[in-house]
Amino acid sequence: MRLAIVLVVAVVVAGVAVDGAEGAGECGRASADRVALRLAPCISAADDPQSTPSSSCCSAVHAIGQSPSCLCAVMLSNTARAAGIRPEVAITIPKRCNMADRPIGYKCGDNTLP
C-alpha cells in the first residue's frame with residue numbers, strides 16, 4: 001500500500017516538475033523527480049540500511065549512477081523526499097548493490113557516497 005501511495009505522489013510531483021522544466025539539468029533533459037520514479041524498486045532498500053536491494057533496484061541505480069550528479073539529484077529530489085526516502089540511507093544503495101564503478105567519496109548534500 002505504501003508503495004502505491006508513494007508512486008501516486010511521485011507521479012504527481014514529477015508531472016509538476018516536468019511542466020516547469022527547461023533545458024538540461026543534472027539528469028539531462030529529464031528532471032531528477034522524473035528519474036526518481038525509476039527507483040521505485042528501491043523503496044525498501046532506501047528504508048532499511050541493512051536490507052539487500054533487489055536486482056531491479058540495482059539495475060536502476062547502476063543506470064542512473066553513471067552520472068553521480070544525477071544520482072545525487074534524484075536522492076535529494078522532491079519525489080524522494082515525498083516518498084520519505086532518507087538520503088543518508090539511499091546513498092548506501094550503490095555500495096549494497098556491489099556497484100564497482102560507484103563514485104566513492106562523491107559529496108551529495110550532507111552525505112558522501114561510501
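This tour moves through the cross-links and the charged pair of a predicted model, one selection at a time.

**The disulfides as a set**

Begin by selecting the cysteines and displaying their side chains, where you will find that the structure holds 4 disulfides. If the bonded cysteines of the chain are numbered in sequence order, the pairing reads 1-5, 2-3, 4-7, 6-8, a pattern worth keeping at hand while you visit three of the bonds in turn.

**C27 and C70**

Select C27 and C70, whose sulfur atoms are 2.0 Å apart and form a disulfide. Looking along the bond, you can check its handedness, since the link of C27 and C70 is right-handed, with 100° about the S-S bond. Extend the selection to the surrounding backbone: C27 lies in the loop between α1 (2-19) and α2 (32-36), whereas C70 belongs to helix α4 (residues 68-75), so the bond ties together parts that are 43 residues apart in sequence. With the surface switched on, C27 counts as buried at 16% relative accessibility, and C70 likewise counts as buried, at 6%.

**C58 and C97**

Next, select C58 and C97, which form a disulfide with their sulfur atoms 2.1 Å apart. The link of C58 and C97 is left-handed, with -85° about the S-S bond. Here C58 sits in helix α3 (residues 55-64) and C97 in the loop between α7 (93-96) and β1 (107-108), so this pair ties together parts of the chain that are 39 residues apart in sequence. Both C58 and C97 are buried.

**C72 and C108**

Return to helix α4 and select C72 together with C108, which are joined by a disulfide with an S to S distance of 2.2 Å. Because the torsion about the S-S bond of C72 and C108 is about 100°, this disulfide is right-handed. The pair links distant parts of the chain, with C72 in helix α4 and C108 in strand β1, 36 residues apart. Should you turn the surface on again, both C72 and C108 are buried.

**The salt bridge**

Finally, leave the cysteines and show the charged side chains, bearing in mind that side chains of opposite charge can pair when their charged atoms come close. A search of the whole structure finds 1 salt bridge, so select R86 and E88, whose closest N and O atoms are 3.3 Å apart. How accessible is E88? It is partly exposed, with a relative accessible area of 43%, while R86 counts as partly exposed at 37% relative accessibility.

Note on methods
Residues are numbered from 1 along each chain as its sequence is written. This is a predicted model: local features need pLDDT of at least 70, side-chain atom pairs count only at pLDDT 80 or more; totals for chains, interfaces and linings use all residues. Side-chain values use heavy atoms; hydrogens and water are left out. A disulfide is a pair of cysteine sulfur atoms within 2.5 Å. Helices (H or I, at least four residues) and strands (E, at least two) are DSSP runs, numbered from the N terminus. Buried means under 20% relative accessible area, exposed over 50%, partly exposed in between (1.4 Å probe, protein chains only). A salt bridge is a side-chain nitrogen of Lys or Arg within 4 Å of a carboxyl oxygen of Asp or Glu.
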